[in-house]
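I opened this entry to note how the helices pack and where the chains touch. I wrote down each look-up in the order in which I made it.

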Amino acid sequence: MEGLIIKYQKQVYSIAFRMLNNIEDAKDMVQETFLRAIKGIKSFNKKASFKTWLYRIAINTSLNHLKERRHKDIGLNEEIAESKNDTLSEIIEDERWKYIKSSLERLPERQRLALILRLYEGLSCKEAAEAMKCSEGALKAHYHQAIRKIRGFLRKNGYEIKG
Amino acid sequence: MKLKDEIRDLLPEYLKELLPKELKKDIELHLKECKDCQDELSLLSGLLKTRVSFPNEGFFNTLPQRIMASLDEIKEPFFVRLWAKLFRPLPVAVAFASLFLAIFLFFQYKENEPSLVGNGLYLEDFTGYSYYHKLAFLEEKELNSLYEAIN
């Protein structure tokens, strides 16, 4: 089990951080995810991959955290990596990515999850759908809605993304 | 050539270079013509640049040990675990059912066992032979006195 923790701890942390946007909460969530996984290892159905199963636990744990947080009415504590860039264009660029990041935070949970699993975690549509316990069609819908909303948010704030 | 929606579904894999060569070529051909997909690709690559703030490495180095330690803490006491192991509901139920069945069969057998007592005959000086065996060797007189004693 220790080997599995070492293998997946950073991936689980990434999901946790992108969902909760707070280092301390993400750390707690990683620990809780693995504890739940160990306790529930008997329920692991070998038809799905271990990674997908673990991600599902991570997703449920993060959703619980978000629920609790909403309950406590704690605002999001932004953890934007500090920029060491100095030039004006780099500062503007950095501002742009801050906007992108905050647009990600404004997404509904399921849409944010779909985007995190597909884009950041590199899960296929099938794997992401399994992890989110929904159909592939629903997963794609969440994903495309997320993209549309982010684009809309950036446009509204004067950031046009062009290829 | 793939449809636009299919291409858009594959853009995350394209960005991460997870696609086979032919599919990659298809997407590149489509991207040359499709402004929407170019914009989406640009947005996705922008999103990919957002970084995760990791805690110091010490957190990850000690995580497995901490998890194992907290597992030990929440473990139930030894006797509770032993009880749960030894007395699982199904084996216990099977054991009790077998015991009751054995007791029931024993009494059934006892009830149906041929006996003189059940038939109103009783010999006080039973010496180890079966009642029938003993009766078979009785003289007529003895049989008559036995019959009188019974009645």
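I looked first at the handedness with which α1(A) passes α2(A), and in this predicted model the crossing is right-handed. I then checked the axes of α1(A) and α2(A), which come within 8 Å and cross at roughly 135°. That angle makes α1(A) oblique to α2(A), because angles over 145 degrees would be needed to count as roughly antiparallel.

I next listed the residues at this crossing: from α1(A) I noted I5(A), Q9(A), V12(A), Y13(A), A16(A), F17(A) and L20(A), and these meet I23(A), D25(A), A26(A), M29(A), V30(A), T33(A) and F34(A) in α2(A). Sorted by kind, the residues of this contact divide into 11 nonpolar, two polar and one charged.

I stepped back to chain A as a whole and found seven helices and zero strands. I looked up how many of the 163 residues in chain A are buried, and the share is 36%. For contacts in chain A with a separation of 6 or more, I noted that 66% are between residues 24 or more positions apart.

I turned last to the interface, where 33 residues of chain A are in contact with 30 residues of chain B. On the side of chain A that touches chain B, the elements giving two or more residues are α1 (2-20), α2 (23-39), α4 (88-105), α5 (109-120) and α7 (136-156). I recorded that α1(A) gives the most to this side, with nine residues. The residues of that side of chain A divide into 18 nonpolar, five polar and 10 charged.

Key. Residues are numbered from 1 along each chain as its sequence is written. Chains are lettered from A and ligands numbered from 1 in the order in which they are written. This is a predicted model: local features need pLDDT of at least 70, side-chain atom pairs count only at pLDDT 80 or more; totals for chains, interfaces and linings use all residues. Two residues are in contact if their C-beta atoms, placed from the backbone, lie within 7 Å. Helices (H or I, at least four residues) and strands (E, at least two) are DSSP runs, numbered from the N terminus. Ala, Val, Leu, Ile, Met, Phe, Trp, Tyr, Cys and Pro count as nonpolar, Asp, Glu, Lys and Arg as charged, and the others, Gly among them, as polar. Axes are lines fitted to C-alpha atoms, for helices over the stretch in contact, and angles run from 0 to 180 degrees between N-to-C directions. Angles under 35 degrees count as roughly parallel, over 145 as roughly antiparallel, 65 to 115 as roughly perpendicular and the rest as oblique. A crossing is left-handed if the near helix is turned anticlockwise from the far one by less than a right angle, and right-handed if clockwise. A residue is buried if 20 or more other C-beta atoms lie within 10 Å of its own, exposed if 12 or fewer, and partly exposed in between; C-beta atoms are placed from the backbone.
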